[in-house]
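Hi everyone, thanks for making time for this. Please bring up the structure on your screens, and we will walk through a few parts of it together.

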Amino acid sequence: MIELWQSPGPKKGLRDVEKGDFVRLEFEDHKPYGLGKIESYKDGIVAVSFFDSPVADPVSIQAPLSALRPAKVPRQTRAYWLDIEQNRWRVGRVMRHDTEDHEVEVRFPNRNDMFLPVPDVFVRWDRPLRDPTGYLAKKINETPLFSDARSRYVKALMAQRRASMGMPALFSSVIDLEPHQIEVIRRVLQDPIQRYLLADEVGLGKTIEAGVLIRQYVLDDPAGHRIAVIVPPALVLQWRDELRRRFLLEVELDDTLLVAPSDDPDAVRESIAGAGMVVLDEAHHIHQGHWLFDLLAEQTTQLPRFLLLSATPVLGNETGFLEMLHLLDPLVFPLNTLETFRRKIGNRQALAEAVAGLIPENLLQLEDYLDNLTEIFPDDAELVRLTAKLRVTIDGFPEECDPVFLDALSTLRSHVGETYRLDRRILRNRRKGVPGLTPDRSGVSFADFSPPSMTQAIEALEEWRRTVTARLADKAESDEAQTLSDWFFEVLKCLSLRILPETLISLYIKPRLANASGDEAQALEDILDRLELLGDEKESLQAVMEIIKISDPETKFIIFCSDNEVANRLQEGLASCLALPVDRYEENLVEDYAESVFARFQNDPEHRVLVCDQRAEEGLNLQGGDKIIIHFDLPYSPNRIEQRIGRVDRYGTGSSVQSIAVRCASNPFEVAWSDCLETGLEVFNRSIASLQYLIDDEMRPFGHRVLFEGVEAITDMQQRLGGPKGMIARELRHIDDQDALDALIVPTEESYDDLFDEDDNWAEFQAAVDGWLIDILRMRKTDGPDVGSLPPGDAISRYMLARRGDETLIPLDRFLNNFIEVLDSAAPRASYDRPLSFPYTSRRQTSMLRKAREEKVRLLRYGDTFLRGLDELTTLEDRGRSIALWRQRGGYQCEELADLYFRFDFLIEADTDEAARNYFAAMGGDQETAFNALQRRGDMTFPPTYHQIWLDSELESVTGENVLRLLQEPYLKGSPDDARRDLNLNWDRWAKLRAIELPVIDYWSDIVQHAREKAEVVLGQQIDLEEKIAEALKASKDLDRARFAQLRTRIRHAGPTEAEFEKHRLEIEIKTAENLYRGIDTPRISLDMIGAVFLSPHSLDYLAMRRGLTAAQ
């Protein structure tokens, strides 16, 4: 095999090298080959041979001399030497490579050290050993301790890969595993073009979904990834903390992963330059014409990974929603189609109402809903088929909980949702679909105070209002009326927001008075006099103090004020009167979230009070524990009240959300507004996030109405909006119906049983990792940080390379290549001679402890960087791939001196290479991402498995339970029991097998090769491989048939541009599916380990001795 590569150019310091010397080749953008040897040199071209195994020809690579790099074989590198005298290969470890004397010191088993000439020593290149059969055929094997530990680890890792369904970032992140989030992540990762709107309702964990997808990109492309996360300024610290502690991306943060505030053009431009992934949080805040919208529209068109996060509903916000979809797919959603888009939304309402009725409780009325659906879409063959199937079930009068009925109903809803969703790139979960993950809202109570001076001030204001409205009776729509209504509304806001009277007077009263005359001037003079009597009222501060003083000592309080100065004054007043710390909101004054006031408030039980201003009302996560929200004021903006409550009403919250509103009972406007919020909008009892645009429309003329109608304007709004037949209830039903079309069907927890079972199997997995890494490869463990009491078997540890004493059997260069990203240079007692990893636990609940997160404890799971390094190392490692032993078990009966059995450990997975190559050729984008996405699809339809096969000397499958139990026992090293001994067959013991005249030794190589061929046949029979393939193909084709039917229906109902796009996508999807079918039909079957066991009731030494005596006689 000859390859010719171009090198980047000569390197300084290249010395003369001789034939047979160890070298490396360096090529740009190519995976290193590892250590090779100079084979020949001619005309500036050097041929380097790379050693694969003692049973395979070397691989020859040709390259210019400038690509050559002299190399020294690192200590502990596995080395092969052909012992000419004994005509056998021996395997040892390099102790020292003397480049001056051209010698290598190699340690063979039993501490047999030899100095060998460099040309006689061979080292495997950096490519996996494809098949170990040749090793056993040539009697190249090592202690079964290696294979026992390796197989246990490989099997455990394969089980986690199978359970994670190709989503290692999900499994290895420090998060709870929630089905609704898994479904979103699964859908995105199945798609090589990952441009999606994550639209879960407020508080369901969009940040977690995005964090997993960010981490997956890093895992998929560790060297080439670059990520920009653009977030509101107030959320920068929070995002950085989540990425660091939940998604373990501390090394990448500020290097290849940048978090930029959305109000900083320079930071945003720097972050997206060359990015392979962009994430935009709170995406509904930017619009066409805004610099950020225009920048993203220009820079991200061809980006393969672009995530928008927004819980904004489409109904009432068609413009904003079209803009977000345009960013994701400008071809299908051009900005000049707003009216068409609005009609599309409006036309979906009848469908939405029909789908909303597809619930078990409507069993007796379902026929009507099914009729409506088939009338709306008579040409949807799949819908007709599914409704007919459901009708058959309904005719049997099932119970509402009947599983067959529920399955048929769910399948129909899923088809309609997938086919007629607004766009497939909108992924939305609703709170209704995931009950129990977010808290209830337990209403509001009021802490009233009643300063008499406020009554007088309001009376004066009312007199002014009556005066000016009488004058404007015939000019209600005039500019003057609008100006006066704005002024009056601002004064009311100032009073309700606890603005200091002198500030109110200087900002509004005196400027208005300077230009007033007559009755209005007199009314303003009265207002001025009454406001001056208000003074610095203490009643509101006293009300807050009383709430805190009588509360449970473990309850925490988040106090919201609208005005910055009011918040400062309140914090100072509380701090001077309460015997506990009172924290004040700050915006990114520190670089580390752990040092912020939010972290102190969340984590320190002594810090129970946090005073916030308006800047903290959006985006912050303050959920968890027993918290009460105190509204020091109730702004005339229901959406701001919703945002406040949303800081606590989120995924992961403990108790229900309780609000307390401080209210001036002597201000009738404030009382009426609080009643409207409580009973009209019901914001303290339910989320109104989806109503934000309706509410904005309602509030737009609100100030004008208050001027002309007074308090009655507020009570009228309360009556118009509230109640079961009010505007809010009607709008919620419409939004709910529309959202139901786009909402995902959340899988049950049972759908992810394998995932949860493997996650719970943490102790066994830890033992498997340590058995291979610690016991065999001799890495060491040291205690990690103390995070409190842990259950039996759980511990937090750091892994360490041992370079002295009982050394780790991993060369330093390979250790650094595979584990450099998980080395913690800040770890106590870490040094160059004692490199330590980050702390690890194998138990998810431990990793999520507050103290563990503070200490950067990582989770030992498939997908973690440490395990990825160990997996790559294991793939290159040939220890444990081939074993042969003599197993003595007293009482075992055999006709010959011993019975021979062969062991084969197989890995089976879908072969997705062809599908990935063809998809990449058709769609472009990033090749590695395409390969990973298609492998995930393969894993989901044909999960990878690990199987062990045993054959006897007749090459028949071993089925006897007693024999299998004996064969599967762990290797017994040095057992003192004369009747139970295991012996590794080293070269001398192989000679004894020949001496006792076991016939199989004479044709050993042939029988091993035949056994390998037969084992794969038996594998297919034992696990019903053909049946499993057929089942996987059927499931995959059924799923694809439904997807393709949905795409065809979308094409029929789409506009010309969208239809062309969907047709192209359908063609590619069909070809990709066909490639995947072939990859499932002929899966990749790899042999990880091969072994031979000679099972006998006698010891090998006894038989050899007896044979010797017989020969002597």
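Let's start with strands β15, residues 277–280, and β16, residues 305–309: they run parallel and are joined by 3 bridges. If you want a pair to look for, find L280, whose bridge partner in β16 is L308. Please keep in mind that this is a predicted model.

Now zoom out a little. Which sheet do these strands belong to? It is an open sheet of 6 strands with parallel pairing, and the order across it is β14-β13-β15-β16-β12-β17. At the edges you will find β14, residues 257–261, and β17, residues 426–427. Each of those has a single partner strand, so one side of each is left without a neighbour in the sheet.

Helices pack on this sheet too. Take α6, residues 236–245: it touches β13, β14, β15 and β16. The direction of α6 makes about 165° with that of β14. Then there is α9, which touches β12, β16 and β17, and the direction of α9 makes about 160° with that of β12.

Stay with α9 for a moment, because it brings us to another helix. The axes of α8, residues 291–299, and α9, residues 318–328, come within 9 Å of each other and cross at roughly 30°. With angles under 35 degrees counting as roughly parallel, that makes α8 roughly parallel to α9. Which residues make the contact? From α8 they are F293, L296 and A297, and from α9 they are E323, H326 and L327. Sorted by character, the residues of this contact are 4 nonpolar, 1 polar and 1 charged.

Next, please move to helix α2, residues 144–164. How far should its 21 residues span? At 1.5 Å a residue, we expect 30 Å, and the end C-alpha atoms are 30 Å apart, which agrees. Is α2 mostly buried or exposed? Of its 21 residues, 15 are buried, so α2 is largely enclosed by the rest of the structure. Right after α2 comes M165, with a positive phi near 55°.

Finally, the whole chain. There are 1113 residues, and 57% of them count as buried. The secondary structure comes to 40 helices and 32 strands. Along the principal axes, the C-alpha atoms fill a box of roughly 140 × 70 × 65 Å. And among contacts with a separation of 6 or more, 75% are between residues 24 or more positions apart.

That's my tour, and I'm happy to go back to any part of it.

Key: Residues are numbered from 1 along each chain as its sequence is written. This is a predicted model: local features need pLDDT of at least 70, side-chain atom pairs count only at pLDDT 80 or more; totals for chains, interfaces and linings use all residues. Side-chain values use heavy atoms; hydrogens and water are left out. Axes are lines fitted to C-alpha atoms, for helices over the stretch in contact, and angles run from 0 to 180 degrees between N-to-C directions. Helices (H or I, at least four residues) and strands (E, at least two) are DSSP runs, numbered from the N terminus. Angles under 35 degrees count as roughly parallel, over 145 as roughly antiparallel, 65 to 115 as roughly perpendicular and the rest as oblique. Contact means heavy atoms within 4.5 Å. Ala, Val, Leu, Ile, Met, Phe, Trp, Tyr, Cys and Pro count as nonpolar, Asp, Glu, Lys and Arg as charged, and the others, Gly among them, as polar. The expected span of a helix is 1.5 Å times one less than its number of residues. Buried means under 20% relative accessible area, exposed over 50%, partly exposed in between (1.4 Å probe, protein chains only). Two strands pair if DSSP finds at least two bridges between them.
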